[in-house]
Amino acid sequence: MKLPIQNKTDTLYWFAMTWSFGTTGYALQNYMPVDWGQELRLGAALGLSAFIQTIIGVTWPEAARKTGRGNLIAGTFMLLFSLSGTVLSGTLASSTNALLINRNAIETEIETRIIERTLAPVRDVTTSALTTMDLLGDYADFANREARLETETGKSCDGVNLGATCGSMCELRKRQSLEANTRRTSTKDLLTQVDDLRAYARIGLDNSKLGGMFSKANALTRDDSFREIKSWATTERASFAGAGFVINGKTVFCSDAEAVQQLDQILAALPTPDTGQLVADKLPVVDITYVAKENLSALKDAANAILAEPQKIGAILGAEPTATYAPFWAFSLMIEMICIFLGITRAMNGRLPFEGPTDVLPPTKEQKARAKTVKEVLDTLIIRSGRKTYLLVPKNGTNKRLEQNAYYLSTKKRQLGISYFPVRSAIHLKDLIPKDAHRIAETTGAEMVEVYKVRKLAHFEREIASVLGFSEEFAPG
């Protein structure tokens, strides 16, 4: 069995068609019933893919033919039909292409996304911890200043003068500064644990490790140091707001609006325990089912985003997960365009969509001359009037070769599917087709023509090659 390959263009055409067939069929497995079993699902998917490739191979050339002949309604219908097949094939194939060519990148993108989701609570904790550290440092400095103020003036409390000495209130302020710094250190230790967790996440990943990371991340959001800071700051605030401090068994009142304000800021900065994700993510199996789902989702989201904000197309295509799949949309489109362009080109050269080299041999010099004659007849002597087509046979013209060939065609009525015009006698060109009369008369050298009705132009065009192109009775150019 010979492959239908004749030259490099054929090789490219069949490579593109075969690639499109295989990648589309592999992706179509997702849409086959699960209870069919793997072999039956794959077989059915490849069968459906073959049908889709047949649609692409047949309808694009036919759409081009009909449009070129002026049959816009049929051409448009065929164009929509062929475009549907191409879009379906390209979309499905892009999933397979992404899996085959870019599997490692897909797995990396998945891991990155899951790690970010798993460590999302830690990201919030980090922001809160850094802010809390700064505020605790500010409060420690403030307490030290107030201790010095108490020593120098005895007026660190609003409206109360306890005397210029480092007494009980001075000692209280110093203790508050020390406690704030101690809690600042515990917060710093927490951030070290966060950094360690992030480093751990970058060293390999599996579902067991992912579950441990999730538990650790959520535990950090509920770390005892945050609860202890909250309890301490709440008590301190209440004491400065009017509850007073118990020192040596006695309650000492010290109202301090600035201390209350700073403690409020510390309380506001503390993180709230994460209550969003309750179960750890699991790494998916990266197969065609998963990739097809992700690919179609990314394609849909990208299309909607581009329609909404077309000026941001670069940023949209560059963002994940779109960036992982977009190159394969382009690659699949290129494959489909090769199928379309070369399919139409083959049709223009007279080859059927799946025709091999044994069906059409390279034309000889004589055949090229005959083809020129066929073209001359079609271009000069075939006219259309509305939806009807007619063949003109010149009478007593100067272009004897063209007249002889036209006459020879008129003798093959049954084969060509032609019949006499209602008027069998010759008609003057100006009476028949005033607009084109001069052009045809100039080419044929005839003023009068016989007219034959062409029942089906497509049939006539196919048969004319066998009548003129391979008959010994015609006059080649």
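Student: Two strands count as paired when DSSP finds at least two bridges between them. Going by that, how many bridges join strand β4 to β7?

Tutor: Seven, and the two strands run antiparallel. Keep in mind that this is a predicted model. Strand β4 covers residues 388–395, and β7 covers residues 448–454. As one position to look at, Tyr390 stands opposite Lys453 in β7.

Student: What about β5 and β7, parallel or antiparallel?

Tutor: Antiparallel, over three bridges, with β5 at residues 418–420. Tyr420 has Tyr452 of β7 as its bridge partner.

Student: And how many bridges join β6 to β7?

Tutor: Two, again with an antiparallel run; β6 is just residues 427–428. There, His428 is matched with Met448 in β7.

Student: Why is β7 described as largely enclosed by the rest of the structure?

Tutor: Five of its seven residues are buried, so the strand is largely enclosed. The cut-off for buried is under 20% relative accessible area.

Student: Switching to helices. How many residues does α1 have, and how far does it reach?

Tutor: Helix α1 is residues 8–28, which makes 21 residues. From first C-alpha to last it reaches 30 Å, close to the 30 Å expected at 1.5 Å a residue.

Student: Which residues of α1 are buried?

Tutor: Among them are Asp10, Tyr13, Trp14, Met17, Thr24 and Leu28.

Student: Asp10, then. What separates the C-alpha atoms of Arg346 and Asp10?

Tutor: They are 8.9 Å apart, although the two positions lie 336 residues apart along the chain. Arg346 belongs to helix α11, residues 322–348, and is buried at 4% relative accessible area.

Student: Aromatics next. How many aromatic pairs are there?

Tutor: The count comes to five. One of them is Phe15 with Trp19, a tilted pair at 5.8 Å centre to centre and 40° between the planes. Both residues sit in α1, four residues apart, about one turn of the helix.

Student: Why would residues three or four places apart point the same way in an α-helix?

Tutor: An α-helix has 3.6 residues a turn, so such residues point the same way.

Student: Is Phe15 buried or partly exposed?

Tutor: Partly exposed, with a relative accessible area of 45%. Trp19 is also partly exposed, with 28%.

Student: Why is the pair of Trp19 and Phe331 called edge-to-face?

Tutor: The ring planes stand at 85°, so the pair is edge-to-face, with the centres 6.1 Å apart; the cut-off is over 60 degrees. This pair links distant parts of the chain, since Trp19 is in α1 and Phe331 is in α11, 312 residues apart. Phe331 is partly exposed at 26% relative accessibility. Phe15, Trp19 and Phe331 form one aromatic cluster.

Student: Another one: where is Gln176 found?

Tutor: In helix α5, residues 168–201. Gln176 is buried, with a relative accessible area of 0%.

Student: Which residues does Gln176 touch?

Tutor: Leaving out residues up to four places away in sequence, Gln176 touches Tyr139, Ala143, Trp232, Glu236, Phe240 and Phe245.

Student: And the whole chain: how many helices and strands?

Tutor: The protein chain has 17 helices and seven strands. It has 477 residues, of which 42% count as buried. Of the contacts with a separation of 6 or more, 72% are between residues 24 or more positions apart. The chain exposes about 26,100 Å², with carbon and sulfur atoms supplying 59% of it.

Methods. Residues numbered from 1 in each chain as written. Predicted model: local features only at pLDDT ≥ 70, side-chain atom pairs only at ≥ 80, totals over all residues. Heavy atoms only, no water. Buried < 20%, exposed > 50% of the residue type's maximum accessible area, 1.4 Å probe, protein only. Contact = heavy atoms within 4.5 Å. Areas by Shrake-Rupley, 256 points an atom, 1.4 Å probe, with all protein chains shown as cover. Expected span 1.5 Å × (residues − 1). Phe/Tyr/Trp six-rings, centres within 6.5 Å; stacked < 30°, edge-to-face > 60°.
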